[in-house]
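This report looks at one protein chain, from its charged side chains to its overall form. Please keep the sequence and the structure in view while reading.

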Amino acid sequence: MKSTLLAVVFLFLGLQINAQLQSPEEFLGYEIGEQFSRHADVVNYFEQVAKNSPLVQYHTYGKTNERRPLTYAVISSEENLQNLEKIRKNHLGNTGITASEADADKAIVWLSYNVHGNEASSTEAAMKTLYTLITEKQDWLENTVVIIDPCVNPDGRDRYANWYNQVKAEPYNPLQAAAEHHEPWPGGRPNHYLFDLNRDWAWATQVETQQRLKIYNQWMPHIHVDFHEQGINEPYYFAPAAEPFHEIITPFQKEFQTEIGKNHAEYFDKEGWLFFTKERFDLLYPSYGDTYPTYMGAIGMTYEQAGHGRAGLGINTDEGYELTLKNRVAHHHTTGLSTVEVASRNTETLNTEFKKYFDNEDLEYKSFAVKGNPDKIASLKELLDKHEIKYQNAAAGRLKGFNYSEGKRGNLNADENTLVINTNQPKGKMVKVLFEPSTTLTDSLTYDITAWSLPYAYGLEAVASTREVSSEENSTNAKITNTANPSGAGYVSKWNALQDAQFLAELLKENIKVRFTEIPFTSEGKKFDRGSLIITKSDNRTNEDFDEIVVEIANKHQRQLVAANTSFAGSGPDFGSPEVKLINPPKVAVLKGEGTSSLNYGEIWYFFEQDLNYPLTSLNNDYFKNFDLAQFDVLIMPAGYYSSVLDEDTLKKVKDWVSNGGKLIAIGSAVGTFAGKDGFNLEENKSEAKDSTATENLIPYAQREREAAKDMITGSIIKTKLDNTHPMAFSYGATYLSLKLSRDSYKFLDKGFNVSYVQKPEIVAGFAGSSAIKNLENSLIFGEERMGSGSIIYMVDNPLFRAFWENGKLFFANSVFFVNNNKFRL
């Protein structure tokens, strides 16, 4: 009798819960696809479902820069959710990350929506998919755990959705010319700092990525899907992916993509929906939402729906039909469910093959050893920690293997700053991808950069060894504790890492006057190279707390101060020498707006606020012509096209400002703004003209795209020569490995300083077409042109690219603080 009563009670409670559970339409008050939902409404809906369904758990894993919550839902059967931690640990047992109590027998599927904010249909689909899974597809959940991140990029999504909801017509206007189909700069695609979060998985520079990876590492799913949108005239793309595939990808991963794609095709064919596969989205660059999970053992896939930020609630396509938000949601909803379905019926196979992926015995390189500047090693450790990749210190001795600096087999003498990253660890294949000297390319037509090896990116010496390098537990560096020296002449600090620039930035913000040396010197028996910081009591005699402030800031940044008892140098210039320059705390501005690359502007903005922590003023292009530049010392022009901004009068205004002591820094395509212009020394390297009638026009139509690859450079690493006596190159050696993102080529400066340059191009890694390489002969990479008492700095290559090219960042800091910067404001 008691058991019967309990059964009735549970049945009643279940009916009550289901009665309270609302569909998205019931909760929001409109049908999915009729409006763009605000992020807060999406969060509220997921919370409502989790509260009223025993099949859903909902968690917050962090916040964005604009304080919006980052969330994920875990969906499975009630029994599975009650045993979720055991399921997770058993699953991770297949990777070797943890020990398992039993064999894993569940499929783990992770669905990520709206990484690009203006590809907004997917978050709407996430709500619908959640509801369908728990009301119609519970049988799939018996052996499957589904993780849904409804919005990877809430800041970007709300930027788009709020704009669209403000400007759309009522009813919406499907004409392509309508204002609601033309987003203003910078658009909703990127996050707060205008970074593309779909390029940040491996570099983890952004808070969204950093917080998401903590949860991803706890689950390491079998399948990960990233939902996107593309042009309005391209119907729908799903796996299998295009070549090139990275060689680490297994046959099973390729085959299972195809199996999933065929399942999608059945649904799409049944509905009469068009799609395509294989043609466009490759699996090479490791920082995508499909490749990063793939290199972590998953079936990583991108799904692309027609639409993007142009589509709004509905738009007329060039093919004569109207593409609606309801269409877009239906397609993403279908592929999401289809993915879970395939996973559910292949649970055993997924677990078997997933476990095989983590066998790393066949990897050619068993260890990667890196050494160099301790601060750069520390930065690399921080990145590895984010991915939970293990590392140790190398045992002292000579290490043999492929030497990165020499480009051939050689040696590396290990010291206390030599780090070893072995591939005999669960994430060994990701180690290979991130550290291999050069990636094998099966096809030159790829979607992103083709070189990214971390030893090059961090400016470290390295060897890749086919034998496991002897190593020992990583030791913790002793904490630096400086003490004040009130009776001395001042303090000296080295300059060879971004951390030194952070130290300088805080000193300047605290009104501490700082000098730097242009010539090496010795003080207190220690040698200091060009760029070393000198903080004198004489310059700061009006500051009663001088010693305490300097020591406190140095300890905070863990910078070792050398207390100088006298300003008389043991060798080289004394502290009062004209070769020891006083640094003007620069007031820095950067251009933004239409015509400017939002991505490069974001990189600069992020560098100043997050890397350097130094004030930056943003100026909009639309009022720049009427703005007085005299209040700024430095003006930065991100990559972009400025013909409409720098008309004849405005260009003259900029030239006058530079001549009066201003410093202009032009990056990437912005450099071309000044090439060939009157009063500027910069000229393009123009490739030889082609006889198009005799050659190009005879190339078959089907071969034109591949033929064009000869003129392409897709993110390759090139060796450049340096004048490291110039302040822009202080702390660097005789050469610099630059990440080249375009074939842009400029002649050496006849008047000025060629700081980084190429004579005979040497591509270290990545793809560069034969014509593009030839065009780089005798070309400028970084240079300074003097104009009156000011300077124009040309950075043809972007040293701040995606905030991951760590070895380029000091070039930028040097340019801001050191180059032609000895005019102090009184």
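Which residues are linked in a network of salt bridges? In this predicted model, the network joins Glu119, Arg189, Asp196, Arg199, Asp448 and Arg802.

## Salt bridges

The count of salt bridges comes to 36. One of the pairs is formed by Lys740 and Asp797, whose closest N and O atoms are 2.6 Å apart. Lys740 belongs to strand β31 (residues 735–740), whereas Asp797 is found in the loop between β35 (790–795) and α24, so this pair ties together parts that are 57 residues apart in sequence. Both partners are covered: Lys740 is buried with a relative accessible area of 1%, and Asp797 is buried with a value of 3%.

A further pair consists of Glu762 and Lys719, with 4.0 Å between the closest N and O atoms. Here Glu762 lies in the loop between β32 (753–758) and β33 (763–765) while Lys719 sits in strand β30 (residues 716–722), and the salt bridge therefore ties together parts that are 43 residues apart in sequence. Glu762 counts as partly exposed because its relative accessibility is 42%, and Lys719 likewise counts as partly exposed, at 26%. Glu170, in turn, forms a salt bridge with Lys168, the closest N and O atoms being 2.7 Å apart; with a relative accessibility of 69%, Glu170 counts as exposed.

## A covered helix

The protein chain contains 24 helices and 35 strands. Among the helices is α24, which spans residues 809–817 and is mostly covered, with 9 of its 9 residues buried. The buried residues of α24 are Lys809, Leu810, Phe811, Phe812, Ala813, Asn814, Ser815, Val816 and Phe817.

## The chain as a whole

For 826 residues, a compact globule would be expected to have a radius of gyration near 28 Å, and the 29 Å computed for the protein chain agrees with this. The C-alpha trace spans about 95 × 60 × 60 Å along its principal axes. Of the contacts in the protein chain with a separation of 6 or more, 78% are between residues 24 or more positions apart.

Buried residues make up 59% of the 826 residues, while the protein chain exposes about 33600 Å², of which carbon and sulfur atoms supply 47%. As for charge, the protein chain has 83 positive and 108 negative charges, and the mean positions of these two groups are 4 Å apart.

Methods. Residues are numbered from 1 along each chain as its sequence is written. This is a predicted model: local features need pLDDT of at least 70, side-chain atom pairs count only at pLDDT 80 or more; totals for chains, interfaces and linings use all residues. Side-chain values use heavy atoms; hydrogens and water are left out. Buried means under 20% relative accessible area, exposed over 50%, partly exposed in between (1.4 Å probe, protein chains only). Helices (H or I, at least four residues) and strands (E, at least two) are DSSP runs, numbered from the N terminus. The radius of gyration is taken over C-alpha atoms; the globule rule is 2.2 Å times the number of residues to the power 0.38. Contact means heavy atoms within 4.5 Å. Accessible areas come from the Shrake-Rupley method with a 1.4 Å probe; for residues, only the protein chains shown count as cover. Lys and Arg count as positive and Asp and Glu as negative; His and the chain ends are not counted. The place of a charge is taken as NZ of Lys, CZ of Arg, CG of Asp or CD of Glu. A salt bridge is a side-chain nitrogen of Lys or Arg within 4 Å of a carboxyl oxygen of Asp or Glu.
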